[in-house]
Amino acid sequence: MLLRMFKAYRQDDTPFLELKMNTTSGESDNRAAATATATATAAGVELTKDKNGIPLLLLRNNRGASATVSLQGGQVLSWKTERREELLFISNKAIFSPPKAVRGGIPICFPQFGNRGTLEQHGFARNKIWFIEKDPPSLAGDFNGKVYIDLLLKPSEDDMKIWPHRFEFRLRVSLAADGNLTLTSRIRNVNGKNFSFSIAYHTYFSVSDISEVRVEGLETLDYLDNLHQKERFTEQGDALTFESEVDRVYLDSSNTVAVLDHEKKRTFVIRKEGLPDVVVWNPWERKSKSIVDLGDEEYKQMLCVDGAAVEKSITLRPGEEWTGRLELSVLPCS
Ligand SMILES: O=P(O)(O)OC[C@H]1O[C@@H](O)[C@H](O)[C@@H](O)[C@@H]1O
């Protein structure tokens, strides 16, 4: 059994979180169940555990908005407004059993999206234990007044057997004073040779009723339709609405996309950088019935709209780093 120590720091460099982590089968096995105890916590970040003992980090701003991030998969599991309203969908049938990703929240698809490659569906990152990074390299951007946590994923020796590329994947999850949630990813090639990857923030938005929802910002774009052998089509001029299964990758979208929910009178605004594509997924009735960790009727309450880089994979030369950012906000609408 290994004992690992992690410390996280506030912006003024004072430590706020100290974590002792026992991994039951060693650092080389990212599938290890992990347990952690916080010896100190700071304003804004609390450490809890899920029922499998996996550490969960709770970010809370001073108005009471919050987000929960699991070290399992680096997955955001919850994002709540200051009125404690949950903005992300989590299935009532979600299975909290590592290494499987939880159905809902924001799983990260890396280094592969879907079945577009030889790896497991959506790549392995969402099935790994991530670590809190003690002292991450400085990150450009304004993090003043934001509560944030830095996670790190590196490949284990087992991962190297299926994807032989050494990388460092840094994820900063930050919650701003206005409640906006930002995920910033930095992926560095620490290999001796080039590698290429795809990535998607597989964001499950909680919606009132899928039939009442529309997506704006994808009009006239080309998309690859996963329901038609990834064939390329062109979206018509209208906002996207839903009346059957949708599984598409919209290409080269603008950096802002909106999900309007009339019944809930709210609009999600997705701002993205470094992520040219947008995946839109709703399994609808028939497919939902074949997904064990999704209720038969739950497709009505969810919509995945992902900032992604899928069609053109990203290639990094040795020593190079890529940065991608997704910022989510929610606005009232009439
Ligand atoms: O069940 P998973 O592996 O989480 O994938 C869910 C869906 O994710 C979507 O992004 C894919 O386009 C779908 O094809 C897939 O079914």
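**Exercise 1. Determine how β15 and β18 pair, and place β15 among its neighbours in the sheet.**

*Solution.* Step 1. In this predicted model, β15 and β18 are joined by two bridges and run in the antiparallel sense. One bridge can be named: V215 is partnered by L240 in β18.

Step 2. Strand β15, residues 213-216, also pairs with β20, again in the antiparallel sense, here over four bridges. Within β20, L260 is the bridge partner of R214, and D261 is the bridge partner of V213.

Step 3. These pairings belong to an open sheet of nine strands, whose order is β9-β10-β11-β12-β24-β21-β20-β15-β18, with antiparallel pairing. Its edge strands are β9 (131-132) and β18 (240-241), each of which pairs on one side only.

**Exercise 2. State which side chains of β15 are buried and which are not.**

*Solution.* Step 1. Begin with a general rule: in a regular strand, side chains alternate between the two faces of the sheet.

Step 2. Apply the rule to β15. V213 and V215 point to one face and are buried. R214 and E216 point to the other face and are not buried.

**Exercise 3. Describe the connection between β20 and β21.**

*Solution.* Step 1. Strand β20 covers residues 256-261 and strand β21 covers residues 266-273; six bridges pair them in the antiparallel sense. One of these bridges links T256 to R271 in β21.

Step 2. The two strands form a hairpin with four residues between them. In the turn, K265 has a positive phi of about 55°.

**Exercise 4. Classify F169 as buried or exposed, and describe its surroundings.**

*Solution.* Step 1. F169 belongs to strand β11, residues 167-175.

Step 2. Count its neighbours. F169 has 23 C-beta neighbours inside 10 Å; a residue is buried if this count is 20 or more, and therefore F169 counts as buried.

Step 3. Identify the contacts. Setting aside neighbours within four places in sequence, F169 is in contact with F110, A125, L153, S185 and I187. In addition, the C-alpha atoms of F169 and L152 are separated by 5.6 Å, although these residues are 17 residues apart along the chain.

**Exercise 5. Locate the annotated binding-site residues and compare the burial of Q121 with that of R126.**

*Solution.* Step 1. The unreviewed UniProt entry assigns the annotation "binding site" to R103, Q121 and R126. They span 24 residues in sequence, but no two of their C-alpha atoms are more than 13.8 Å apart, so they gather at one spot.

Step 2. Place two of them. Q121 lies in the loop between β8 (108-109) and β9, and R126 is also found in the loop between β8 and β9.

Step 3. Compare the counts. Q121 has 13 C-beta neighbours inside 10 Å and therefore counts as partly exposed. R126 has 23 such neighbours and therefore counts as buried.

Step 4. List the contacts, not counting residues up to four places away in sequence. Q121 touches G114 and N115. R126 touches G73, Q75, A101, P107, I108 and C109.

**Exercise 6. Name the residues around the ligand and sort them by character.**

*Solution.* Step 1. The ligand is surrounded by G114, Q121, H122, H202, N226, D247, V279, W281 and C304. Among them is Q121, which the UniProt entry also lists under "binding site".

Step 2. Sort the shell. Three of its residues are nonpolar, five are polar and one is charged.

**Exercise 7. Assess the predictor's confidence, and identify where pLDDT falls below 50.**

*Solution.* Step 1. Consider the whole. The chain has an average pLDDT of 89, and 87% of the residues score at least 70. For the complex, the predictor gives an ipTM of 0.98 and a pTM of 0.90.

Step 2. Consider the low-scoring stretches. Residues 1-16 stay under 50, and the model has 38 contacts for them beyond four places in sequence. Residues 22-41 are also below 50, and this stretch has 58 contacts in the model beyond near neighbours in sequence.

Step 3. Draw the consequence. Where pLDDT is low, predicted coordinates should not be read in detail.

Technical notes. Residues are numbered from 1 along each chain as its sequence is written. This is a predicted model: local features need pLDDT of at least 70, side-chain atom pairs count only at pLDDT 80 or more; totals for chains, interfaces and linings use all residues. A residue is near a molecule or strand if its C-beta atom, placed from the backbone, lies within 6 Å of it. Ala, Val, Leu, Ile, Met, Phe, Trp, Tyr, Cys and Pro count as nonpolar, Asp, Glu, Lys and Arg as charged, and the others, Gly among them, as polar. pLDDT is the predictor's confidence in each residue, from 0 to 100. Two residues are in contact if their C-beta atoms, placed from the backbone, lie within 7 Å. Two strands pair if DSSP finds at least two bridges between them. UniProt positions are given in the numbering used here, feature names are shortened, and annotations may be inferred rather than shown by experiment. A residue is buried if 20 or more other C-beta atoms lie within 10 Å of its own, exposed if 12 or fewer, and partly exposed in between; C-beta atoms are placed from the backbone.
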